[in-house]
Amino acid sequence: LFLFLALGFIVATAAGTLSHEGGHYIAARIMGYDGQIHYGSISYSDRRPAPEIERIAQTYRREIISGQDYPGKEQYDSYQAKFDKSLFWMTLGGPLQTMLFGTAGLLALFRNRKKYTQAVRLSFGRWLLIFLSLFWLRQPANCAVWLISGFCSGHFSTHGDEIRLALNLGLPQGLFTIGTALA
């Protein structure tokens, strides 16, 4: 049983990570962007960037990076603002997917709790629901890592989906990380 559970946890962790990135990917597609899933991350690109935006980005790359004025700055800034707004939703897609799957597992466990308490041996499907509910472990694990590394280093990371979402909304950076960990 121990080996089965250990292997199941490893597989569930990989599946959870990939499905989390799939949440980002689906949100990107809905927002009109292409996404490329990597293990533990996703990259986004515009499906149809306007040729003028591409020209401005290539021609005035240094000016864009340094924040200087250049021809077409307003047009490029408008395009970038639209992407930043879309990026919020694309970032939200990952945690939302993970929490929805975890919640579905918890609800299914709760709904079938009598079957679990009366069972002598749990079936594969029942173990699957248990592992699905463990998707919620991402939230307290991320919070613990963020807090411990922040207190140890004296610098709290600004990386991570929940941190980026809070910063994007102008909220305290740990609000969603701590809030979802406590949920």
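**Exercise 1. Place serine 19 in this predicted model and find its partners.**

Which helix holds serine 19, and what does its side chain make a polar contact with?

Solution.
- Step 1: Serine 19 belongs to helix 1, which spans residues 2-30.
- Step 2: Setting aside neighbours within four places in sequence, Gln97 and Phe135 are in contact with serine 19.
- Step 3: With the side chain of glutamine 97, the serine 19 side chain makes a polar contact at 3.3 Å.

**Exercise 2. Account for the cysteines.**

How many disulfides does the structure hold, and how far is the sulfur of cysteine 152 from that of cysteine 143?

Solution.
- Step 1: A disulfide is a covalent bond between the sulfur atoms of two cysteines.
- Step 2: The cut-off for counting such a pair is a sulfur separation within 2.5 Å.
- Step 3: The structure holds zero disulfides.
- Step 4: For cysteine 143, the nearest cysteine sulfur is that of cysteine 152, 14 Å away. Likewise, cysteine 152 is in no disulfide, and its nearest cysteine sulfur is that of cysteine 143.
- Step 5: Cysteine 143 has a relative accessible area of 7% and is therefore buried, the limit being under 20%. Cysteine 152, at 67%, counts as exposed, since the limit there is over 50%.

**Exercise 3. Describe the setting of phenylalanine 124.**

Is phenylalanine 124 buried or exposed, and which residues make the nonpolar surface patch?

Solution.
- Step 1: Phenylalanine 124 lies in helix 6, residues 124-133.
- Step 2: Its relative accessible area is 59%, so phenylalanine 124 is exposed.
- Step 3: Phe124 joins Leu1, Phe4 and Leu128 in making a nonpolar surface patch of about 480 Å².

How values were computed: Residues numbered from 1 in each chain as written. Predicted model: local features only at pLDDT ≥ 70, side-chain atom pairs only at ≥ 80, totals over all residues. Heavy atoms only, no water. Buried < 20%, exposed > 50% of the residue type's maximum accessible area, 1.4 Å probe, protein only. Helix = DSSP H or I, 4+ residues; strand = E, 2+ residues; numbered from the N terminus. Polar contact = N/O pair within 3.5 Å; in protein donor to acceptor, adjacent residues only side chain to side chain. Contact = heavy atoms within 4.5 Å. Patch = residues over 30% accessible without salt bridge, like charges linked within 9 Å, V, L, I, M, F, W, Y side chains within 5 Å. Areas by Shrake-Rupley, 256 points an atom, 1.4 Å probe, with all protein chains shown as cover. Salt bridge = Lys/Arg side-chain N within 4 Å of Asp/Glu carboxyl O.
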